[in-house]
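I have a fresh page open and a structure to look through. Here is what I looked up, in the order I did it.

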Amino acid sequence: MVATTTTLASIARGAAGSRPDVRSLVPTGVSPEDFQPSPDTIAALRNADVLVENGAGMEGWLEPTIRNAGNPRLRIVVCTDGLPVVHGNPHLWMDPEQTRAYVRKIADALAAADPAHADGYRSAQSAYDRELIALTARRRAKVATIPPARRTMIVFHDAFDYYARRFGLRIVGAIEPLAGAEPNPAHLAELVRLARAEHVPAVFAEHEYSDKLARALAESAGGLKVAFLYDDSLGTAPDVDTYVGMIDADSDTIVAALK
Ligand SMILES: [Zn+2]
């Protein structure tokens, strides 16, 4: 089984249990939004039985790569198909409640691809589903400790919209207006204005990108805190190399920066 990103690969492992080998096409620390596929990517797709992709426009490079791989037995799971995608934003997995639907689809595809082990996939899926329910409850309780007026954030790109909606946070703006697009000075000036007007406590950068713009913005807005989040890619440290670990770590970072 292959997944497009490290985050989806971790979710797929949760759905699959230990039986299938799961690898990520996009390496750790690389953005799936501007990834360039290599011959290795094509080879991985040629050898896979199941591909897990996010969809909703996140993996623009994937379709021609699948065609090049020419693997007629490849089953493709498009995780966001049928889910409530808002304004074309693909980052639904940042809301663990949406991730539960990803997990159901992945387990369905595995059971169809490998019916002899369908029961094993079903029990892995339901165990992981319980883990995701507990994750949402745990994070909700933590966010509730932030004073309501301080539950506002400026983020690096639009990865946290679904997360924020689930947990009652408010995203005032994003440094990158579109994933991968450099912001212009007028956009940054508007973010400084919003940060002051809305009393935003912190600006959130991302581990795989330069924090230069986040720091400049934080400084111009009167010395806001700068903290770092994971979203499109997992990290390499043991506390952030799984999906559940990443959501826990991000939530701790957000709570610490906003409180
Ligand atoms: Zn993204």
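My entries below go from the metal site to a pair of strands.

**Ground rules.** I am working with a predicted model, in which local features need pLDDT of at least 70 and side-chain atom pairs count only at pLDDT 80 or more, while totals for chains, interfaces and linings use all residues. Residues are numbered from 1 along each chain as its sequence is written, and side-chain values use heavy atoms, with hydrogens and water left out.

**Entry 1: the zinc ion.** Which residues hold the zinc ion? I found Glu-33 (two OE entries), His-91 (NE2), His-157 (NE2) and Asp-232 (two OD entries), at 2.1 to 2.7 Å. Donors here are N, O and S atoms within 2.8 Å of the metal (3.2 Å for Na, K and Ca); water is not among the atoms, so sites may look incomplete.

I noted the sequence spacing of the donor residues as E-x57-H-x65-H-x74-D. His-91 sits in the loop between β4 and α4 (96-113) and Asp-232 in the loop between β8 (225-229) and α9 (243-258), so this pair ties together parts that are 141 residues apart in sequence. Helices (H or I, at least four residues) and strands (E, at least two) are DSSP runs, numbered from the N terminus.

**Entry 2: two strands.** How do β3 and β4 run? Strand β3 (residues 50-53) and strand β4 (residues 75-78) run parallel, joined by 4 bridges; strands pair if DSSP finds at least two bridges between them. I also looked up Glu-53, and its bridge partner in β4 is Val-78.
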